[in-house]
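I set out to record what can be looked up in this structure. The entries below follow the order in which I worked.

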Amino acid sequence: QALKPSRVLRQCVPALSLAVWRMPSAMGPTERAELLAEDLEAEHDAMRPEPTVLPARVALGRLAKVAAAGVAIGLAGAACFATGTHFFHMVHGSPASTSDGDRLSHLSSLVAVEKDAEGSDKCHDAEHGDPCYFSVHWAMTEGIYSHPEWYGKHLSPSSSFGEFQLQLHKTGVKNCTDAKPCNAESIQKKWHSEQVKTEHKDKDNDEDKDTGKEAADASKDVPPPGPREHTFYMYRAQSEATYPLENINTADLAGVFWYLHNEVIVATPRKYSIDRIKRYKVTVKNTWEFWNAHKRQFGAFVAYDAGGCTTPICKDIYHQYGFIVGCQVQPLSVAAYLGRHQTNWQCKEGQDECRAPIWYALPGPCPAKGIPNGKIDPDSVDLDVDKYKSKECISRMPGGHCKKGKNATGEPDCTYAYEEAGEIFLNDLVGIEDYNEFWNASYTKCAREKAEGKLPRDHECRHQKEYDPRTDKGVGTDFWNGKLDTDKCTERMDKARKLFKEKFPEF
């Protein structure tokens, strides 16, 4: 109820679907509807502090409460598959008067293969926003791992989007009965060719050996399901202040430039006295509790400020799944910084949006207690972000930063480890020798020299600034010109990479 219905439903579809499927199989539709309604109406107590980090609780009650709060746990950066105001009517075409029991019985038909049906012969490649796109994506990211038996002998985790769509179309998934992929003929030929090859292998080789070899080959291409260890660079725009990477937001290189261009260099002097980009080599491995519920590697992004989480649902996330690392992508319509590799799946293949900038959220000790608003001095370099965190709170909510010397294990209190990997200064990047001279003293000096006759009377003295969003240009420097120019954005990031490589060749 906290958000618009369309947003809430888009966020909660997988969680509610999982909850419905985990009900006892003998429970009838009406009983399931009553149980769901009862949990949704129950008092929301998830924000109440708990004595310790609890193990995974993926029962319907907790998932429904989180869903009712309008939180996209497990859908951080996820594509929005439905856009109407009434989920069942929108996805199924079911009338608004459809009973709760019927609606619940429809849920699994969105993603599960239940029966053989020919459907329509219409040609349509499912696109972002189509109901069939939701079904296909769920099958590719969750269904094929949880229930491979639903998807026939042709599909595996490495199968293409089109192959999954065709299989769902052929087997009667309601969302896809009118969505036969336009390359269906070529997929059918591929499947037939693979079947012929398999039959030949069966004739020439012992069946058990052949099956073992195929399984071994498949395991080389497809990682086993579960949380995986990821090691990569994170970046942070920062002042000379020093503090650990806890209860903080970071970014990839594109994400930190996105932040600098939109929030830092638009101010004169720079916001928060930020003067450098710090780099960290981070290893992330999130918990099995989170994977079991959502089949994703990263959780929802939450915002941190002054050592505390400012997103109201933080406690729910961390009590439910442990202190997981979250992420989200940033819009290219604001600044055209692209990653070198694909960063998300909210896009069509080949689109720039596939390489959108990323922000991360790293939970530290006692994330609920940061510096109170009235006590924050944004320009201070010696803020004590732990001053308002009690020992009891730190003990009860230890955060996800692994103890020194320990690698990320995926335990609730050990989801990330890091080491510092160098820093570069914005002045070196932009080509400014003295920042105070650039933005402050230069105008006074110009005015004085003009008054003394050292400069022509018609000479214009201007206040220099790195970037003016009204003109999309700087005054006194052109480094930040063209915020929406992809090539110029890439040049800026390449210069930063070059500086890091020159100053820290060991990384």
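**Aromatic pairs.** I searched the whole structure, which is a predicted model, and found 19 aromatic pairs. I then examined the pair formed by Trp258 and Trp359, which is edge-to-face, with 5.4 Å centre to centre and 85° between the planes. This pair links distant parts of the chain: Trp258 belongs to helix α10 (residues 253-264) and Trp359 to strand β8 (residues 358-362), 101 residues apart. I looked up the exposure of both and noted that Trp258 is buried and that Trp359 is buried as well. I also noted a cluster in which ring pairs link Tyr233, Tyr235, Phe500 and Phe504.

**Charges over rings.** I next looked for arginines over ring faces. Arg279 lies over the face of Tyr233, at 4.4 Å from the ring centre; Tyr233 is also a member of the cluster just noted. Arg270 lies over the face of Tyr435, at 4.0 Å from the ring centre. Tyr435 is one of the buried residues of α15, and I turned to that helix next.

**Helix α15.** I checked the length of α15 (residues 435-451) against expectation. At 1.5 Å a residue, its 17 residues should span 24 Å, and I found the end C-alpha atoms 24 Å apart, which agrees. I nevertheless recorded a kink of about 60° in α15, centred on Ala441. At the start of the helix, a side-chain oxygen of Asp434 comes to within 3.0 Å of the backbone nitrogen of Asn436. After the helix I found Gly453, with a positive phi near 80°.

Which residues of α15 are buried? I listed Tyr435, Phe438, Ser442 and Cys446. I kept in mind that an α-helix has 3.6 residues a turn, so residues three or four places apart point the same way. I then asked what the buried residues of α15 pack against. I found that they pack against α14 (426-430), β10 (465-468) and β11 (473-475).

**Leu155.** My last entry concerns a loop residue. I located Leu155 in the loop between α6 (131-146) and α7 (161-170). Is Leu155 buried or exposed? Its relative accessible area is 9%, and buried means under 20%, so I entered Leu155 as buried. Leaving aside residues up to four places away in sequence, I found that Leu155 touches Ile144, Glu163, Phe164, Gln167 and Trp191. For Trp191 I also noted the separation from Leu155: 36 residues in sequence and 9.4 Å in space, C-alpha to C-alpha.

Definitions and conventions:
Residues numbered from 1 in each chain as written. Predicted model: local features only at pLDDT ≥ 70, side-chain atom pairs only at ≥ 80, totals over all residues. Heavy atoms only, no water. Helix = DSSP H or I, 4+ residues; strand = E, 2+ residues; numbered from the N terminus. Expected span 1.5 Å × (residues − 1). Bend = angle between axes of the 7 residues up to and from the residue. Buried < 20%, exposed > 50% of the residue type's maximum accessible area, 1.4 Å probe, protein only. Contact = heavy atoms within 4.5 Å. Polar contact = N/O pair within 3.5 Å; in protein donor to acceptor, adjacent residues only side chain to side chain. Phe/Tyr/Trp six-rings, centres within 6.5 Å; stacked < 30°, edge-to-face > 60°. Lys NZ or Arg CZ within 6 Å of the ring centre and 35° of its normal.
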